Amino acid sequence: MESTCKITAAILLILAFVVGIVLASESSSFLPFVYCLAGGFPSFLLFYALGKIFERLDAQDALLVQMHQAPAAPELHEKIPDSEYKPPVVKREPGDWTCPQCGAQNKPTELFCKDCGTYR
Ligand SMILES: [Zn+2]
């Protein structure tokens, strides 16, 4: 959109220039050329400004899209105070064995520690 406006602005300026030269050469006077440029330049500025405005709008849109796609901040887990923390109760069954490496309680059917993988 903004490039279309800038191209239009450039074409208008060139058109004003060419028409001015043609009219000036036909009438053998500089005045038509000056009038054409005087008329063409404001329209060139107008379209150029429009192009700039569209450029700004596009940049803002891109920014908004970026903001929507950005991942949300990770939620922090609530820390449990030490006084309220209770270790999980593990029921000890007959035949259970305690890992010599880490102290984890394992079932009699298991050959390797479920926590650290040490052989029974
Ligand atoms: Zn272990």
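Below, a colleague questions a modeller about this predicted model.

Colleague: How confident is the predictor in the protein chain?
Modeller: The mean pLDDT of the protein chain is 82. A score of at least 70 is reached by 89% of the residues.

Colleague: Where is confidence lowest, and where is it highest?
Modeller: Helix α1 is lowest, with a mean of 79. Strand β1, residues 97–98, is highest, at 94.

Colleague: What makes up the secondary structure?
Modeller: The protein chain has two helices and two strands. From the N terminus, the order is α-α-β-β.

Colleague: What makes residues 97–98 a strand?
Modeller: A strand needs a DSSP run of E with at least two residues. Strand β1 covers residues 97–98, so the run meets that minimum.

Colleague: Why is L31 called exposed?
Modeller: Count the C-beta neighbours inside 10 Å: L31 has 11. The label exposed applies at 12 or fewer. Therefore L31 counts as exposed. L31 belongs to helix α2, which spans residues 31–69.

Colleague: How far is L31 from G20 in space?
Modeller: Their C-alpha atoms are separated by 8.6 Å. Along the chain, L31 and G20 are eleven residues apart.

Colleague: And I7, why is that residue exposed?
Modeller: I7 has 12 C-beta neighbours inside 10 Å. The limit is 12 or fewer, so I7 counts as exposed. I7 sits in helix α1. From I7 to Y48, the C-alpha distance is 8.7 Å, across 41 residues of sequence.

Colleague: What makes E55 partly exposed?
Modeller: E55 has 15 C-beta neighbours inside 10 Å. Exposed stops at 12, and buried starts at 20. The count of 15 falls in between, so E55 is partly exposed. E55 lies in helix α2.

Colleague: Which C-alpha distance separates E55 and S3?
Modeller: E55 and S3 are 8.6 Å apart, C-alpha to C-alpha. In sequence they are 52 residues apart.

Colleague: Which residues form the largest nonpolar core?
Modeller: Five residues: A9, L12, A16, F44 and F47. Both α1 (2–27) and α2 supply at least two of them. The largest share, three residues, is from α1.

Colleague: How do you know that F44 is buried?
Modeller: F44 is in that core, and a nonpolar core is a set of buried residues, so F44 is buried.

Colleague: What share of the protein chain is buried?
Modeller: Of its 120 residues, 8% count as buried.

Colleague: And what share of the contacts joins residues 24 or more positions apart?
Modeller: Among contacts with a separation of 6 or more, that share is 33%.

Definitions and conventions: Residues are numbered from 1 along each chain as its sequence is written. This is a predicted model: local features need pLDDT of at least 70, side-chain atom pairs count only at pLDDT 80 or more; totals for chains, interfaces and linings use all residues. Helices (H or I, at least four residues) and strands (E, at least two) are DSSP runs, numbered from the N terminus. Two residues are in contact if their C-beta atoms, placed from the backbone, lie within 7 Å. A nonpolar core is a set of buried Ala, Val, Leu, Ile, Met, Phe, Trp, Tyr and Cys residues joined through C-beta atoms within 7 Å. pLDDT is the predictor's confidence in each residue, from 0 to 100.
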